[in-house]
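Hi everyone, thanks for making the time this morning. I'd like to walk you through one model, so please have a look at it while I talk.

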Amino acid sequence: LSAGDTFGVTGGYMNNMECTWHASCAVGTVTISFVDFNTEGNFDFVYVVETSEELLGEFSGTSVPDDQVGTGSELMITFATDYSVTRNGFSATVMCESEAPGQRACNQLASGFSIDGEQLGITNYESNAQCRWDAACRFGPVTLSFETFDTEAGQDFLTIYDGPDSRSPLLSVLHGTDLPPT
């Protein structure tokens with residue numbers, strides 16, 4: 001798995017399963033961001049492990065875990081179930097936090113898009129860039145309008161959530177060169 005990949009077992013899982021995923025980043029550290037989570041509490045577990053075999057987290061139940069941030073470029077995620085009760089499962093996304101020398105800062109002011117009049121965006125972004133912008137309004141909803149939009153179609157995405165993180169309702173996944181609506 002690499003940056004942007006979503007993985008997990010959803011729509012129900014079977015008893016006595018053991019699934020393992022390896023997440024890696026070409027540059028930077030790996031972060032696992034859980035989207036949905038519903039396993040049999042105290043019996044069916046998701047384990048997030050560093051390559052050094054240090055356990056970062058062990059999760060079960062219905063609470064969506066916090067993002068799991070590795071110290072290196074690889075993590076292993078294992079889902080193990082017992083012999084009885086099952087639930088819906090879980091899904092998560094791999095993110096790569098790059099600290100490569102010369103990487104363009106994501107929160108720079110640049111042409112691209114604006115949030116309630118504040119100009120934001122990134123132009124000529126580098127490979128493996130993972131940027132995040134948080135927007136909130138004291139009164140009323142946030143309005144997002146685009147002046148330009150140009151990403152590699154089917155490869156580079158702008159994902160918009162209605163809330164503070166990837167566990168919030170998904171509003172849109174944008175890519176390509178068509179200017180999105182406001």
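**A walk through the model**

Let me start right at the beginning of the chain, with Ser2, which is partly exposed, its relative accessible area being 37%. You'll find Ser2 in the segment before strand S1, and that strand covers 6-9. Before I go on, please keep in mind that this is a predicted model.

Now, what does Ser2 contact, once its neighbours within four places in sequence are left aside? The answer is Ser24 and Val94. Val94 sits 92 residues away from Ser2 along the chain, yet their C-alpha atoms are separated by 6.2 Å.

Let me step back to the overall picture. The chain has 13 strands and zero helices. If you read the elements from the N terminus on, you get β-β-β-β-β-β-β-β-β-β-β-β-β, which makes for a rather monotonous slide, I'm afraid. There are 182 residues in the chain, and 35% of them count as buried. The area that the chain exposes is about 10,600 Å², with carbon and sulfur atoms supplying 47% of it. As for contacts, take those between residues at least 6 apart in sequence: 66% of them join residues at least 24 apart.

A word on confidence, since I know someone will ask. The average pLDDT of the chain is 81, and 79% of the residues score at least 70. Please look at residues 99-114, though: pLDDT stays under 50 there. For that stretch the model has 50 contacts beyond four places in sequence.

Next, the cysteines. How many disulfides does the structure hold? Just one. As you all know, a disulfide is a covalent bond between the sulfur atoms of two cysteines. Here the partners are Cys25 and Cys96, with their sulfur atoms 2.0 Å apart. This pair links distant parts of the chain, 71 residues apart. Cys25 is in the loop between strand S2 (18-24) and strand S3 (29-38), while Cys96 belongs to strand S8, residues 89-97. Are these two cysteines buried or exposed? Both Cys25 and Cys96 are buried. And for those of you who like handedness: the S-S torsion of Cys25 and Cys96 is about -90 degrees, so this disulfide is left-handed.

Let's move to Phe7, which has its place in strand S1. Phe7 has a relative accessible area of 5%, under the 20% cut-off, so it is buried. Which residues does Phe7 touch, not counting those up to four places away in sequence? The list is Leu1, Trp21, Ile32, Ile77, Phe90, Ser91, Ala92, Thr93 and Val94. Let me pick out Ala92 from that list. Phe7 and Ala92 are 85 residues apart in sequence, and their C-alpha atoms are 5.5 Å apart in space. Val94 deserves a mention too, because we have already met it as a contact of Ser2.

Now for two asparagines with backbone angles you may want to check. Asn16 lies in the loop between S1 and S2. Its phi is near 55 degrees, a positive value in a residue other than glycine. Asn16 has 58% relative accessibility, and the cut-off is over 50%, so it counts as exposed. The other one is Asn42, in the loop between S3 and strand S4 (45-50). Asn42 is not a glycine either, and its phi is positive, at about 70 degrees. With 62% relative accessibility, Asn42 counts as exposed.

Finally, let's go to the surface. Which residues form a nonpolar patch there? They are Phe157, Leu170 and Val173, and together they have about 290 Å² of accessible area. Leu170 lies in strand S13, residues 170-174, and Val173 is found in strand S13 as well. Val173 counts as partly exposed, at 41% relative accessibility. Leaving out residues up to four places away in sequence, Val173 touches Phe157, Leu158 and Thr159. There is also Ile160, which is 13 residues from Val173 along the chain, with 6.3 Å between the C-alpha atoms.

That's my tour, and thank you for listening. I'm happy to go back to any part of it with you.

Key. Residues are numbered from 1 along each chain as its sequence is written. This is a predicted model: local features need pLDDT of at least 70, side-chain atom pairs count only at pLDDT 80 or more; totals for chains, interfaces and linings use all residues. Side-chain values use heavy atoms; hydrogens and water are left out. Patches are made of residues with over 30% relative accessible area and no salt bridge: like charges are joined within 9 Å, nonpolar side chains (Val, Leu, Ile, Met, Phe, Trp, Tyr) within 5 Å. Accessible areas come from the Shrake-Rupley method with a 1.4 Å probe; for residues, only the protein chains shown count as cover. A salt bridge is a side-chain nitrogen of Lys or Arg within 4 Å of a carboxyl oxygen of Asp or Glu. Helices (H or I, at least four residues) and strands (E, at least two) are DSSP runs, numbered from the N terminus. pLDDT is the predictor's confidence in each residue, from 0 to 100. Contact means heavy atoms within 4.5 Å. A disulfide is a pair of cysteine sulfur atoms within 2.5 Å. Buried means under 20% relative accessible area, exposed over 50%, partly exposed in between (1.4 Å probe, protein chains only).
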